Amino acid sequence: MSSWRDNLIKTEPYVAGEQPKGGKFIKLNANENPYPPSPMVEKAIAGFRAAGLNKYPDANVAPLCEALAKRAGVDTDNVFAGNGSDEVLALAFRAFFNSELPVLFADVTYSFYPVWCENMGIRYECIPLDDAFNYKAEDYARPNGGVVICNPNAPTTIGRDLDFIRSVLDANRDSVVIVDEAYVDFGGVSSLPLLSEYDNLLVVQTFSKSRSMAGMRIGCAFGSKELIAALRAAKDSYNSYPLDSVAIAAGIASVSDESYFADTVGKITATRDRLTGALRDMGAELPDSSTNFVFARFPGHSAVDIYNALKTKGIYVRYFNKPRIDDRLRITIGTDEETDMLIENLRRILGNNC
Ligand code: PMP
């Protein structure tokens with residue numbers, strides 16, 4: 001006899017970094033920004049007129065899309081905004097990946113991509129990165145129903161240049177190519193300049209990392225008018241108003257403050273480069289990072305043991321129990337003080353007092 005239980009969702013969901021509660025801890029496991037958002041965001045929220053909440057927000061988030069369009073040098077019709085880039089990506093998968101052919105993405109990349117495919121019944125193929133975790137453009141020159149490139153890639157931290165993205169686009173004139181730029185502001189190269197040449201390119205960005213607004217849930221995408229119209233159709237088949245009025249006001253305030261944005265990103269990249277040096281001095285191996293995190297292995301030590309030892313000290317980093325990367329830790333760049341605590345504890349754990 002069948003039961004309602006047989007009909008429950010079977011998808012194995014994406015697992016986000018732990019969100020420990022209470023106590024004092026250092027949280028370096030979700031690639032959050034350790035600094036607050038721009039003071040302009042604080043001001044916009046404090047001055048928000050709650051009386052206006054009786055009305056729905058702008059369905060296409062036009063005021064925020066206008067600000068983003070101006071910054072990127074495109075039209076407002078080339079911009080989409082959603083409730084975090086996770087939602088933007090999910091809607092993009094729904095809107096663009098309706099072919100019988102598999103969608104292609106790397107084997108080591110953002111682990112939400114296969115979850116969306118499973119959830120939406122989209123065929124997909126994971127293409128192995130090379131031994132140094134580099135994408136190879138020729139791997140994406142095969143029949144497919146779409147391509148997703150994460151640039152810089154997570155969790156590998158490695159960024160690729162525009163020649164690479166261009167090669168992927170040239171080999172895929174008949175597929176939509178999504179470039180996920182969640183971490184691009186920390187040293188990656190954005191594909192936004194390629195938008196005028198390729199109407200099948202969608203560039204997805206987020207306010208969660210470089211703009212310190214993970215708690216506000218704002219993501220955006222840039223693409224041809226046709227792609228943006230398809231994204232809006234996907235959105236309107238699901239939830240007409242994904243961004244609330246407070247988020248729209250706060251997002252506009254963030255975009256207006258270029259200097260705070262540049263300062264914060266500069267502080268994080270300086271701390272990242274210092275941490276990279278300290279880790280290498282301890283014997284760790286890691287690629288140069290173009291993101292706000294590092295991805296390190298510790299020869300002679302087990303990554304999960306280090307992860308657990310740090311946790312007992314109240315320091316949370318990310319360990320993935322997955323093939324090819326279970327010998328590594330992904331560590332988010334925190335403040336200088338947090339980074340000093342991390343380095344001190346790692347030296348102790350590794351029995352390395354240099
Ligand atoms: N893409 C990548 C590569 C990410 O690491 C993340 C953060 N987990 C996201 C997209 C989604 O971020 P958000 O929904 O906060 O914009």
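Analyst: Quick definition before we start: a strand here is a DSSP run of E with at least two residues, and strands are numbered from the N terminus. Also, keep in mind that this is a predicted model.

User: Okay, which strands flank the loop that holds aspartate 139?

Analyst: Aspartate 139 isn't in a strand itself; look for it in a loop. One strand beside that loop covers 124-127 and the other 146-150. Those two are β4 and β5.

User: Is aspartate 139 buried or exposed?

Analyst: Setting aside neighbours within four places in sequence, aspartate 139 touches Leu104, Ile127 and Pro128. Its relative accessible area is 13%. Buried means under 20%, so aspartate 139 counts as buried.

User: Let's go to α2. Which elements are among those covering its buried residues?

Analyst: Helix α2 spans residues 62-72, and its buried residues are Leu64, Cys65, Ala67, Leu68 and Ala69. The cover includes two strands, at 79-82 and 219-223, plus a helix at 245-256. By name, those are β2, β8 and α7.

User: And what phi does the glycine just after α2 take?

Analyst: The residue to find is glycine 73, which comes right after the helix. Its phi is positive, at about 70 degrees.

User: How many residues of α3 are buried?

Analyst: Helix α3 takes in residues 84-96, 13 in total, and reaches 18 Å from its first C-alpha to its last, close to the 18 Å expected. Among its buried residues are Gly84, Glu87, Leu91 and Phe96. The helix is mostly covered, with the buried count at 10 of 13.

User: Which residue stands opposite phenylalanine 295?

Analyst: Start with β9, residues 293-297, where four of the five residues are buried. Five bridges join β9 to β12, residues 328-332, and the two strands run antiparallel. Across from phenylalanine 295, in β12, you'll find arginine 330.

User: Which residues of α10 does α9 meet?

Analyst: The two helices, α9 (303-312) and α10 (336-349), pack with their axes 10 Å apart. On the α9 side, the residues involved are Ile306, Ala309 and Leu310. Their partners in α10 are Leu342, Asn345, Leu346 and Ile349.

User: Why are α9 and α10 called oblique to each other?

Analyst: Their crossing is right-handed, and the packing angle is about 125 degrees. Angles from 65 to 115 count as roughly perpendicular and those over 145 as roughly antiparallel. The angle of about 125 degrees fits neither, so the label for α9 and α10 is oblique.

Definitions and conventions. Residues are numbered from 1 along each chain as its sequence is written. This is a predicted model: local features need pLDDT of at least 70, side-chain atom pairs count only at pLDDT 80 or more; totals for chains, interfaces and linings use all residues. Side-chain values use heavy atoms; hydrogens and water are left out. Buried means under 20% relative accessible area, exposed over 50%, partly exposed in between (1.4 Å probe, protein chains only). Contact means heavy atoms within 4.5 Å. The expected span of a helix is 1.5 Å times one less than its number of residues. Two strands pair if DSSP finds at least two bridges between them. Axes are lines fitted to C-alpha atoms, for helices over the stretch in contact, and angles run from 0 to 180 degrees between N-to-C directions. Angles under 35 degrees count as roughly parallel, over 145 as roughly antiparallel, 65 to 115 as roughly perpendicular and the rest as oblique. A crossing is left-handed if the near helix is turned anticlockwise from the far one by less than a right angle, and right-handed if clockwise.
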